[in-house]
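User: I'm new to this structure and would like to understand the words used to describe it. Could we go through them together?

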Amino acid sequence: MESIIVFLPLILVMGAFLFFANRRQRKALDATIELHESLTIGDRVHTTSGLQGTITDVNDDTVDLEIAPGVVTRWMKLAIRDKIVDQVEDGTDADEETSREVESSGVELTKE
């Protein structure tokens, strides 16, 4: 009976680790399923191999990607890594934004 009490904390720690690891993996799987179900024609996407393309057709297990004008290839949905989200321009220039970041960091720049 005493040997069980000695190993009880170890068993609890291992159980907690497995629970949280499984939970994290399940969240990632749910996010992937949600992404694949939300794919629509016209979406810009990245594939797992790093290719960028625009979806021209969506089937049950495959998508057709236009990777260049007039070049359409068929991919499995599982190869889609994420959607490309266009950044909204706020009207500021990149140089102005960089100079503001530098000024706020307290670094002094001098031009020679």
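**Why the labels fit**

User: Why is Ser 38 called partly exposed?

Analyst: Ser 38 has a relative accessible area of 31%. Buried means under 20%, exposed over 50%, and partly exposed in between, with a 1.4 Å probe and protein chains only. The 31% of Ser 38 falls in between, so partly exposed is the right label. A word on the background: this is a predicted model, in which local features need pLDDT of at least 70 and side-chain atom pairs count only at pLDDT 80 or more, while totals for chains, interfaces and linings use all residues. Residues are numbered from 1 along each chain as its sequence is written, and side-chain values use heavy atoms, with hydrogens and water left out.

User: Where does Ser 38 sit, and what does it touch?

Analyst: Ser 38 belongs to the loop between helix 1 and strand 1. Contact means heavy atoms within 4.5 Å, and beyond four places in sequence Ser 38 has Asp 43 and Lys 83 as its contacts. Ser 38 and Lys 83 are 45 residues apart in sequence, with 9.9 Å from C-alpha to C-alpha.

User: What makes a helix or a strand here, and how many are there?

Analyst: Both are DSSP runs numbered from the N terminus: H or I over at least four residues for a helix, E over at least two for a strand. The protein has 2 helices and 5 strands, in the order α-β-β-β-β-β-α along the sequence. Strand 1, for instance, spans residues 44-47 and holds His 46.

User: Is Asp 43 buried or exposed, and how do you know?

Analyst: Asp 43 has 17% relative accessibility, which is below the limit for buried, so Asp 43 is buried. Asp 43 lies in the loop between helix 1 (2-37) and strand 1. Its contacts beyond four places in sequence are Ser 38, Gly 53, Thr 54, Ile 55 and Lys 83.

User: Why is the link between the side chains of Asp 43 and Lys 83 called a polar contact?

Analyst: A polar contact is a pair of N or O atoms within 3.5 Å; within protein, one must be able to donate a hydrogen and the other to accept it, and residues adjacent in sequence count only if both atoms are side-chain atoms. The Asp 43 and Lys 83 side chains are joined at 3.3 Å, so the pair fits the limit. A polar atom of the Asp 43 side chain also lies 3.0 Å from the backbone nitrogen of Thr 40.

User: How do you know that strand 1 pairs with strand 2?

Analyst: Two strands pair if DSSP finds at least two bridges between them. Strand 1 and strand 2 (residues 52-58) have 3 bridges, so they pair, and they run antiparallel. Strand 1 is also joined by 3 bridges to strand 5 (residues 80-83), again antiparallel.

User: What stands opposite His 46 in these two strands?

Analyst: Gln 52 stands opposite His 46 in strand 2, and Asp 82 does so in strand 5. The side chains of His 46 and Gln 52 also share a polar contact of 3.2 Å. His 46 is buried, because its relative accessible area is 17%.

User: What makes the pair Asp 64 and Arg 74 a salt bridge?

Analyst: A salt bridge needs a side-chain nitrogen of Lys or Arg within 4 Å of a carboxyl oxygen of Asp or Glu. For Asp 64 and Arg 74 the N to O distance is 2.9 Å, so the pair qualifies. The two partners are 10 residues apart, with Asp 64 in strand 3 (residues 62-68) and Arg 74 in strand 4 (residues 71-76). Asp 64 is buried at 10%, whereas Arg 74 is exposed at 57%.

User: How many salt bridges does the rule give, and where are others?

Analyst: The count comes to 4 salt bridges. Among them are Asp 30 with Arg 26 at 3.5 Å and Asp 82 with Arg 81 at 3.9 Å. Asp 30 and Arg 26 are 4 residues apart in helix 1, which means about one helical turn separates them.

User: How much of the protein counts as buried?

Analyst: Of its 112 residues, 14% count as buried.
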